[in-house]
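Okay, thanks for making time, everyone. I'll put the structure up and talk through a few contacts and the sheets.

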Amino acid sequence: MPEAPKNPSEDVTLEKRNNRALQFLEDVTSNAAQVQRRVLAEILSCNANVEYLQRHGLNGRTDNETFKKLLPVVCYDDLKHDIERIANGDASPILCSKPISEFLTSSGTSGGERKLMPTIEEEMDRRTLFYSLQMPVMSQFVPDLDKGKGMYFYFIKSESKTPGGLVARPVLTSYYKSSHFKDRPYDPYTNYTSPNQTILCADSYQSMYSQLLCGLIQNQEVLRVGAVFASGFIRAIRFLEKLWEVLCNDIRTGILDSKITDESVRESVSKILKPNPELACHIELECRKGSWKGIIPRLWPNTKYIDVIVTGTMSQYIPTLDYYSNGLPLVCTMYGSSECYFGLNLDPLCKPNEVAYTLLPTMAYFEFLPVNRKAELAHSGFEPLSMNDKQDQELVDLVDVELGEEYELVVTTYAGLYRYRVGDILRVAGFKNKAPQFNFLCRKNVVLSIDSDKTNEVELQNAVKNAAECLLPFDATLTEYTGYADTSTIPGHYVLYWELSQNGETLIPPSVLEDCCLVIEESLNSVYRQGRVSDKSIGPLEIKVVENGTFDKLMDFAISQGASINQYKTPRCVKYTPIVELLNSRVVSNYFSPKCPKWAPGHKQWCGCSVQE
């Protein structure tokens, strides 16, 4: 297998390190088939005696043919029993021969709770290597990035413990809390404006405030800005809109605001914060202007690009980013998940709608399930594309996918997932040597998403059904509904358009429709509720009641756009601007959830096992 780049602490020049990383990418993509066979053989030989592989009769075989013949393609629910055994303390080799070090909690859910992805210690090394490849790629397109700093807004999220004592937390929280991040050797590419203590602060307000303050103090050194998701970066700018006067006061006086009470944060910021009236006046002048258009280059004048994910549902934030940045390049560098890190964007300055990720053959064993996406209403662009769940096709290997075809990603990982359906739908956009490059199209079955939340049609239907029961005492019923992810507000929020039928004369009090909003939120999955309660990344859900006959108008529009009247069904999510405008033009009243839904870290069945940060 091609040799991985060495640790950055080695006494070599940055140019040599970059060249070594780029050569590694060249080697693994040129020999993708051989690397993939080696990866599968390594995974199967290392885990030959685990219960799962024994159960399926693999008996130590490591060849591709036997593996495909005997191992089923699975989803999370197929593995749930085994994962729960591990979570409850069974330390026997069920899925992996190496000890499970922790669970990485997925933004996808099962039974309303986050999925638990097992991981092992060595996966942290693999993820760290993956991160080390990003900036050598970027340096080919943007020079001198080692001459300044990155202003990135990174945050940790709450974690919990399983009954068996294993930590369960998001993959990025795991990484930020690891020695790989906290004790990283000096590297000009990981030289951030935010001290580690501000990133590791569990209080989201204090973390955001202190990271913004440090970024403003060092504004002349900032060459690139970003966050994980576009939504997170925009939240930071809106935070600045609200609190720039307080931040300016800190910079003017050199004294940190008293609301920042975390001692480690105060200590780390005090090393950077010195009185600077001139900088405070400059920031104040820019923020007082009527328009915040171009605020990023106005406050951070040397910024060369914004590093955020803007593919998939995050594409809805592109116009807002363009407004704040005056059209700075939007860069998507990587593609990964809790299950595994997958690939890199080797053309990072491409347009957001052209982003293609090259899957790295060393990260996992990749297979692809061809998908048949239904065409009903897809051409009019306002219904999410649905997939046939029953697939008869054989899975395709990494090097055998075809240009222009669409597939669901299936992975076999070093940490104990075998032929696991990730749920991402990808389209082959091209090739880097022998390795395919993919456009990310969508998450399977997701209808609404604001941040890391992913609400599917079944969840939404059940939540709406629960809420509609509140209408029965008023002799009213819900005739039809659809949803919309409204990102015009920050944070964004779910909007549901309801058409009601009322047989009696008793009016529905506004408080009842507000309660309907809350019932829906209480019925949605834990990722959504965490976004509302803890992360503050999602705003209160809104119900907009529309005139009777509105959904007939919606059908008329769909038919005028080419939909078949015989196959038409009401979309459960709308995105197409003319449709949203049609619905909004017929709104008669609107209501918001009056408070946050209930949420606590950990799975609801782990009573007493939660760890509050």
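Let's start with Phe239, which counts as buried at 14% relative accessibility. This is a predicted model, by the way, so keep that in mind throughout. Under 20% is the cut-off for buried, and that's why Phe239 at 14% gets the label.

Now, what does Phe239 pair with? Its ring partner is Tyr205, in a tilted aromatic pair with 5.5 Å centre to centre and 55° between the planes. Tyr205 sits in helix α10, residues 204-217, while Phe239 belongs to helix α11, residues 230-253, so the pair ties together parts that are 34 residues apart in sequence. And is Tyr205 buried or partly exposed? Partly exposed, with a relative accessible area of 27%.

There's another tilted pair I'd like you to look at. The rings of Phe557 and Tyr576 have centres 6.1 Å apart and planes at 50°, so this one is tilted too. That pair links distant parts of the chain: Phe557 is in helix α19, residues 550-560, and Tyr576 is in the loop between α19 and α20 (577-584), with the two positions 19 residues apart in sequence. Tyr576 comes out partly exposed, at 28% relative accessible area.

How many aromatic pairs does the structure hold? The count is 24. There's also an aromatic cluster, and its members are Phe130, Tyr131, Tyr152, Tyr154, Tyr175, Tyr176, Phe181, Tyr192 and Tyr341.

On to the sheets. One is open, with 8 strands in the order β9-β10-β11-β16-β15-β14-β12-β13, and the pairing is antiparallel. At the edges you have β9 (334-336) and β13 (396-397), each pairing on one side only. Inside that order, β12 (residues 365-370) and β14 (residues 406-412) are joined antiparallel over 6 bridges. If you want a specific spot to click on, Phe366 has Val411 in β14 as its bridge partner. Which helix lies across β12, β14 and β16 (435-443)? That's α2, residues 32-46, running at about 105° to β12.

The other sheet I picked is also open, with 4 strands in the order β3-β6-β7-β8, and here the pairing is parallel. Its edge strands are β3 (149-153) and β8 (330-331), and each of those pairs on one side only. Strand β7, residues 305-309, runs parallel to β8 and is joined to β8 by 2 bridges. Over there, Asp307 stands opposite Val331 in β8.

Next, a helix pair. Helix α16 (residues 457-468) packs against helix α17 (residues 510-523) at an angle of about 145°, and the axes are 8 Å apart. The crossing is right-handed. From α16 you get Ala463, Val464, Asn466 and Ala467, and these meet Cys516, Val519, Ile520 and Ser523 of α17. As for chemistry, the contact residues split into 6 nonpolar, 2 polar and no charged.

Last stop, Val28. Val28 is in helix α1, residues 14-30, and has 0% relative accessibility, so Val28 counts as buried. What's the separation between Val28 and Leu360 in sequence, and what is it in space? In sequence they are 332 residues apart, but C-alpha to C-alpha they are 7.2 Å apart.

That's my tour. Happy to rotate the view if anyone wants another look.

Note on methods. Residues numbered from 1 in each chain as written. Predicted model: local features only at pLDDT ≥ 70, side-chain atom pairs only at ≥ 80, totals over all residues. Heavy atoms only, no water. Axes fitted to C-alpha atoms, helices over the stretch in contact; angles between N-to-C directions. Left-handed = near helix turned anticlockwise from the far one by under 90°. Contact = heavy atoms within 4.5 Å. Nonpolar A, V, L, I, M, F, W, Y, C, P; charged D, E, K, R; others polar. Pairing = 2+ DSSP bridges. Phe/Tyr/Trp six-rings, centres within 6.5 Å; stacked < 30°, edge-to-face > 60°. Buried < 20%, exposed > 50% of the residue type's maximum accessible area, 1.4 Å probe, protein only.
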